[in-house]
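Have a look at the fold before you read on, and trace the chain from one end to the other. The walk-through below will make more sense with the model turning on your screen.

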Amino acid sequence: MTEFARPRAIGFNHIALEVGEIEEALAFYGRLFSFELRGKTDTMAFIDLGDQFIALQKGRRQAADDGRHFGLVVDDKEAARKALDAAGVAVIDGPFLDFRDPWGNRVEIVGYDNVQFTKAPNVLRGMRLTHLGKNEHAKKELAEKGMAVGPG
């Protein structure tokens, strides 16, 4: 077998979710989150996350997700909890703030302050989110990996 250098996985460019109608999906997610569209067609829409995006694609046919999910980082987890409640979206029982969209995609809401994931300062600036920071637990986790964040 030929030897070669394997690439290192370093992050995500986007997450793709299969949904029903694109306009319905945008309306649903628009009731929960403030976002800007990167682009849209009849069969796809792209929710901008600064240097990343969520691709919504028409055509979900599989059963609802059970354990399979993705963690969506938000600037204010408690505001997300309130938005889910106001929209009548059921939160899944358990230790996390998880829900399923109308097409069965499972989403875990994660607060930016409490995770290692860190947007670069220039990306935060472009997203008008320079006020965001990390809590002590997240700062400690990052420091232990040699990735300490600055003030805030």
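What follows goes from the whole chain to its sheet and then to a single loop residue.

Keep in mind that this is a predicted model. The protein chain has four helices and eight strands. Reading from the N terminus, you pass through them as β-α-β-β-β-β-α-β-β-β-α-α. Put the C-alpha atoms in a box along the principal axes and you get roughly 50 × 45 × 35 Å.

Now for some bulk numbers. The protein chain has 152 residues, and 33% of them count as buried. If you take the contacts with a separation of 6 or more, 52% come from residues 24 or more positions apart. The accessible surface is about 10100 Å², with 53% of that area belonging to carbon and sulfur atoms. As for charge, there are 21 positive and 23 negative side chains, and the centres of these two sets lie 3 Å apart.

Next, the sheet. Four strands make up an open sheet with mixed pairing, and their order across it is β1-β4-β3-β2. Why do β1 and β2 each have one side without a neighbour in the sheet? β1 (14-19) and β2 (36-40) stand at the edges, and each has a single partner strand, so one side of each is left free of a neighbour there. From one strand to the next, the twist averages 25 degrees.

Zoom in on the β2 edge. β2 and β3 (residues 44-48) run antiparallel, and four bridges join them. To find one pairing by eye, start from glutamate 36: its bridge partner in β3 is aspartate 48. Helix α1, residues 22-32, packs on this sheet and touches β1, β2, β3 and β4 (53-58). The direction of α1 makes about 140 degrees with that of β4.

Finally, move along the chain to aspartate 93, which sits in the loop between β6 (91-92) and β7 (97-100). Is aspartate 93 buried or exposed? Its relative accessibility is 77%, and the cut-off for exposed is over 50%, so aspartate 93 counts as exposed. For a sense of distance, pick glycine 126 as a second marker: aspartate 93 and glycine 126 are 33 residues apart along the chain, and their C-alpha atoms are separated by 36 Å.

Conventions:
Residues numbered from 1 in each chain as written. Predicted model: local features only at pLDDT ≥ 70, side-chain atom pairs only at ≥ 80, totals over all residues. Heavy atoms only, no water. Helix = DSSP H or I, 4+ residues; strand = E, 2+ residues; numbered from the N terminus. Buried < 20%, exposed > 50% of the residue type's maximum accessible area, 1.4 Å probe, protein only. Contact = heavy atoms within 4.5 Å. Areas by Shrake-Rupley, 256 points an atom, 1.4 Å probe, with all protein chains shown as cover. Lys, Arg positive; Asp, Glu negative; His and termini not counted. Charge placed at Lys NZ, Arg CZ, Asp CG, Glu CD. Pairing = 2+ DSSP bridges. Axes fitted to C-alpha atoms, helices over the stretch in contact; angles between N-to-C directions.
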